[in-house]
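Q: Please take a close look at the charge pairing in the structure below. Please also describe the surroundings in which it is placed.

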Amino acid sequence: MIIFIANQFVGNKVSTGGDVLAVEIAKKVKGKLVILAPKIIHSEIAKAVGHGSLVDTDDFRTGSETASSVLGGAVTVFHYLVRAWSTSIWLLRNVKDGDTIYLTGDFVCNTLPAWLLKQKKPKVKVLANFYHRNPTPKATRGYNYIVSYFSRLLQGISLEIIKKIT
């Protein structure tokens, strides 16, 4: 079985480079495919991929589709933690040795559950999609400095986790 962890969505569209790439890869998967993602994106993924099972990792609706403000960033991090928790539970209950996990982004909501699973089931394979490095807060003009700082910090933590589990 191949499991895609796609917890990074903030809105209800497949829009970033990493998301689009993950969908294109999922379309080509033969055999059993499971995609773990927030409920708000399920219809978009189902339409784009056309096969596989979808598992809901977060069905909260906050109305916030941006993480560029401090409040939006805090809400997004909260959702990422909920998604990481529900994904970890699903993985621990359903993944078997020999299965493959594909991380569709370098976000903590994808990497933390994969790291936890590797602690319990080291024979599970993990692949990761690292699309781009977030710029430093000083280089992100027009964005909130605090949001940019934490975004880069969390991505750095995720990249360290990816190095350990792939």
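**Charge pairs and their setting**

A: K27 and E24 share helix α1 (residues 17-28), where 3 residues, about one turn of the helix, separate them. The model is a predicted one. Between K27 and E24 there is a salt bridge, with 3.0 Å between the closest N and O atoms. K27 is classed as partly exposed because its relative accessible area is 36%, a value that falls between the 20% and 50% limits. E24 has 34% relative accessibility, so E24 counts as partly exposed as well.

The count of salt bridges comes to 3. In general terms, side chains of opposite charge can pair when their charged atoms come close.

A second pair lies in helix α5 (residues 145-165). There E160 forms a salt bridge with K163, and their closest N and O atoms are 3.1 Å apart. Both residues belong to helix α5, 3 residues apart, which is about one turn of the helix. E160 is partly exposed, since its relative accessibility is 40%, whereas K163, at 60%, is exposed because this value lies over 50%.

The remaining pair joins R83 to D58, with 2.9 Å between the closest N and O atoms. It links distant parts of the chain: R83 sits in helix α3 and D58 in the loop between β3 and α3, 25 residues apart. R83 and D58 are both buried.

Helix α3, which carries R83, spans residues 70-94 and includes V70. It lies across β1, β2, β3 and β4 (100-103), and its direction makes an angle of about 170° with β1. These strands belong to an open sheet of 5 strands in parallel pairing, ordered β3-β2-β1-β4-β5. The edges are taken by β3 (53-56) and β5 (125-128); each has a single partner strand, so one side of each is left without a neighbour in the sheet. On average, neighbouring strands of the sheet are turned by 20° against each other, direction ignored.

Strand β1 (residues 2-5) pairs in the parallel sense with β2 (residues 33-37) over 4 bridges, and β1 also pairs in the parallel sense with β4, again over 4 bridges. F4 has I35 as its bridge partner in β2 and stands opposite Y102 in β4. I5 stands opposite L36 in β2.

The loop between α3 and β4 contains another acidic residue, D99. D99 is buried, because its relative accessibility of 8% is under 20%. Its C-alpha atom is 6.0 Å from that of I2, although 97 residues separate the two along the chain. Setting aside neighbours within four places in sequence, the contacts of D99 are M1, I3, N94, V124 and K125.

Helices α3 and α5 also contribute to a nonpolar surface patch made of V70, Y145, I146, Y149, F150, L153 and I157, which together have about 660 Å² of accessible area. Helix α5 gives the most to this patch, with 6 residues. V70, located in α3, is partly exposed because its relative accessibility is 43%.

Methods: Residues are numbered from 1 along each chain as its sequence is written. This is a predicted model: local features need pLDDT of at least 70, side-chain atom pairs count only at pLDDT 80 or more; totals for chains, interfaces and linings use all residues. Side-chain values use heavy atoms; hydrogens and water are left out. Patches are made of residues with over 30% relative accessible area and no salt bridge: like charges are joined within 9 Å, nonpolar side chains (Val, Leu, Ile, Met, Phe, Trp, Tyr) within 5 Å. Accessible areas come from the Shrake-Rupley method with a 1.4 Å probe; for residues, only the protein chains shown count as cover. A salt bridge is a side-chain nitrogen of Lys or Arg within 4 Å of a carboxyl oxygen of Asp or Glu. Helices (H or I, at least four residues) and strands (E, at least two) are DSSP runs, numbered from the N terminus. Buried means under 20% relative accessible area, exposed over 50%, partly exposed in between (1.4 Å probe, protein chains only). Two strands pair if DSSP finds at least two bridges between them. Axes are lines fitted to C-alpha atoms, for helices over the stretch in contact, and angles run from 0 to 180 degrees between N-to-C directions. Contact means heavy atoms within 4.5 Å.
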